[in-house]
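Open the model in your viewer and keep the selection tool ready. This tour tells you what to pick next and what you will find there.

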Amino acid sequence: MTLLIFVGSLLGAMAVGVPIAFALIFCGIALMWHMDMFNAQIVAQNMVTGADAFTLLAIPFFLLAGELMNAGGLSRRIIDFALACVGHIKGGLGIVAILAAVIMASLSGSAAADTAALASILIPMMREAGYNVPRSAGLMASGGIIAPVIPPSMAFIVFGVAANVSISKLFMAGIAPGLMMGLTLVATWLWLVRKSDIKPLPKQSMKQRLQATGRGAWALGMPVIILGGIRMGVVTPTEAAVVAAVYAWFVGTFVYRELKLSHLYEVFLKSGKTTAVVMFLVAAAMVSAWLITAADIPGEVTALIEPLIDQPKLLMFVIMVLVMIVGTALDLTPTILIMTPVLMPVVKLAGIDPVYFGVMFIMNNCIGLLTPPVGVVLNVVSGVARVPLGRVVWGVMPFLLAYSVLLVLFVIFPELITVPMHWLF
């Protein structure tokens with residue numbers, strides 16, 4: 001009955017158009033009424049406690065770093081570097097998009113921001129070169145969702161706080177699957193363009209490649225500083241976020257000289273607005289998370305799937321299907337905040353590595369960003385590329401299928417994630 005009240009009140013509030021954050025508070029209040037323990041102080045205290053976490057300071061600074069990176073010209077240098085390296089291959093602009101997406105993922109951690117940056121620069125070039133534009137837009141969206149998997153990732157930060165899992169371990173664990181997502185896109189794209197008559201770009205000389213590498217060196221050095229600092233224990237993920245923001249400001253202002261003082265207001269305003277949305281969601285989710293524990297909803301879920309506890313891989317399949325279904329209706333952060341406190345006790349009881357589960361959970365939620373009707377990244381690329389949403393959905397289907405196959409492989413062979421994770425950490 002408690003589980004029914006939780007799900008029913010949450011979905012009911014969302015169905016009538018209540019914003020996700022307020023829906024989370026509402027379902028918490030509904031649980032309190034059901035348990036006859038209503039107290040407004042529970043709501044206030046849990047919201048304050050939920051947002052009062054040192055680790056969460058990484059979110060505004062990584063968001064700020066991403067905005068500074070785009071305004072300061074770092075994104076453009078990364079794309080120019082990719083063009084110099086692989087632009088001459090058949091279907092080369094698609095490979096450029098994937099390579100640039102992987103590099104940019106290690107800088108910002110925002111799927112929507114990376115997708116918008118890639119699409120605004122590359123879609124006009126691909127349209128002019130005669131590429132299938134809806135399919136190219138689908139590729140941009142598919143490359144953009146690598147951002148929350150490769151560190152630094154805001155999704156890992158939110159999950160780590162909600163699940164009480166080491167964020168540094170999550171960061172290291174996300175590197176290998178993120179790179180495999182990129183390789184999966186490369187293989188899928190090359191298969192799709194194998195019979196096309198698109199002429200590749202002229203091959204650049206070694207001198208031109210070295211010049212592009214030199215121009216992009218400062219941008220390419222950013223992930224080395226962030227991940228290297230975390231790996232060697234010099235900085236925590238939160239401190240790495242501050243370093244990333246300062247580094248992006250310094251490079252954009254003094255090296256590339258594209259970031260002007262007049263740009264800073266808009267940069268801070270954008271990152272501030274996004275931070276406010278994310279932090280309010282986190283604070284609201286802590287109300288429902290506390291009451292989920294108090295009402296023993298994880299115990300009810302465990303009782304429902306008890307036959308699968310002794311079969312971890314089958315349990316992972318069931319959870320991944322459930323997360324994929326939920327991901328079609330909810331955005332990334334709300335899904336993490338709603339499902340993590342419910343699923344983590346079950347995962348631990350089944351003996352599944354929490355870090356491995358975290359990577360799988362985030363990757364699956366990222367795939368949800370490509371699925372209608374919500375599909376946040378689909379909407380972003382549709383607007384930037386000026387392609388109807390229905391055609392973008394058609395264009396993204398081959399990549400969505402490829403990602404689903406990769407997800408199944410990760411379930412069957414968890415060592416694909418756990419072995420590189422242990423080696424890197």
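The stops below run from the open pockets to the core, then to the cavity and some single residues.

**Stop 1: the largest pocket**

Keep in mind that you are looking at a predicted model. Select S110, M154, T274, V278 and D331. These residues are the closest to the centre of the largest pocket, out of 29 that line it. The pocket has a volume of about 680 Å³.

Which helix gives the largest share of this lining? Colour α13, residues 261-294. Helix α13 supplies six residues of the lining, the largest share. Other helices take part too. Among those that supply at least two residues each are α4 (58-71), α7 (111-129), α9 (154-163) and α18 (376-385). Helix α16 is also one of them.

Now colour the lining by class. You should find 19 nonpolar, seven polar and three charged residues.

**Stop 2: P334, on helix α16**

Select P334. Helix α16 covers residues 332-349, and P334 is found in it. Is P334 buried or exposed? Its relative accessibility is 4%, so P334 counts as buried, because buried means under 20%.

Show the contacts of P334 next. Leaving out residues up to four places away in sequence, P334 touches I20 and L281. Then draw a distance from P334 to V278. The two are 56 residues apart in sequence, yet their C-alpha atoms are 9.0 Å apart in space. You met V278 at the first stop, as one of the residues closest to the centre of the largest pocket.

**Stop 3: the second largest pocket**

Select V7, L322, V326, M339 and V342. They lie nearest the centre of the second largest pocket, which is lined by 20 residues. About 510 Å³ of space lies in this pocket.

What classes of residue make up the lining? It divides into 20 nonpolar, no polar and no charged residues. Helices α1 (2-15), α14 (297-304), α15 (312-327) and α16 each supply at least two residues. The largest share, six residues, comes from α1.

**Stop 4: the largest nonpolar core**

Select F159 and F357. These two have the most contacts inside the largest nonpolar core, which has 164 residues. The largest share of this core, 13 residues, comes from α13. In soluble globular proteins, nonpolar side chains tend to be buried together.

Stay with F159 and show its contacts. Not counting residues up to four places away in sequence, F159 touches F357, F361 and I362, among others. Its contacts also include I336, T340 and M344. N164 is another residue that F159 touches.

**Stop 5: N164 and R257**

Select N164. It is found in the loop between α9 and α10 (167-192). N164 is not a glycine, although its phi is positive, about 60 degrees. With a relative accessible area of 70%, N164 is exposed.

Move to R257, in the loop between α12 (237-255) and α13. R257 has a positive phi near 60 degrees and is a residue other than glycine. Its relative accessible area is 60%, so R257 is exposed, because exposed means over 50%.

**Stop 6: P151 and P152**

Select P151 and P152. A cis peptide bond joins them, with omega about 5 degrees. P152 sits in the loop between α8 and α9.

**Stop 7: R135**

Select R135, in helix α8 (residues 133-144). Its relative accessible area is 19%, so R135 is buried, because the cut-off for buried is under 20%. Now show its contacts. Leaving aside neighbours within four places in sequence, R135 is in contact with W189, L192, W394, G395, P398 and F399.

**Stop 8: the cavity**

How many cavities of 30 Å³ or more does the structure hold? It holds one. The largest cavity has a volume of about 30 Å³. Select G87, I89, G92, L93, Y131, K199, P200 and L201 to see its lining. By class, these are five nonpolar, two polar and one charged residues.

**Stop 9: two cysteines**

Select C27 and C85. C27 is buried, with a relative accessible area of 0%. C85 counts as partly exposed, at 28% relative accessibility. A disulfide is a covalent bond between the sulfur atoms of two cysteines. How many disulfides does the structure hold? It holds zero.

Technical notes
Residues are numbered from 1 along each chain as its sequence is written. This is a predicted model: local features need pLDDT of at least 70, side-chain atom pairs count only at pLDDT 80 or more; totals for chains, interfaces and linings use all residues. Side-chain values use heavy atoms; hydrogens and water are left out. A disulfide is a pair of cysteine sulfur atoms within 2.5 Å. Buried means under 20% relative accessible area, exposed over 50%, partly exposed in between (1.4 Å probe, protein chains only). On a 1 Å grid over the protein atoms alone, a cavity is a set of points where a 1.4 Å probe fits but cannot get out, and a pocket is an open set with protein on both sides within 12 Å along at least five of seven lines; lining residues have an atom within 4 Å of a point. Grid points are joined across faces, edges and corners, and a volume is the space filled by probe spheres set on the points. Ala, Val, Leu, Ile, Met, Phe, Trp, Tyr, Cys and Pro count as nonpolar, Asp, Glu, Lys and Arg as charged, and the others, Gly among them, as polar. Helices (H or I, at least four residues) and strands (E, at least two) are DSSP runs, numbered from the N terminus. Contact means heavy atoms within 4.5 Å. A nonpolar core is a set of buried Ala, Val, Leu, Ile, Met, Phe, Trp, Tyr and Cys residues joined through side-chain atoms within 4.5 Å.
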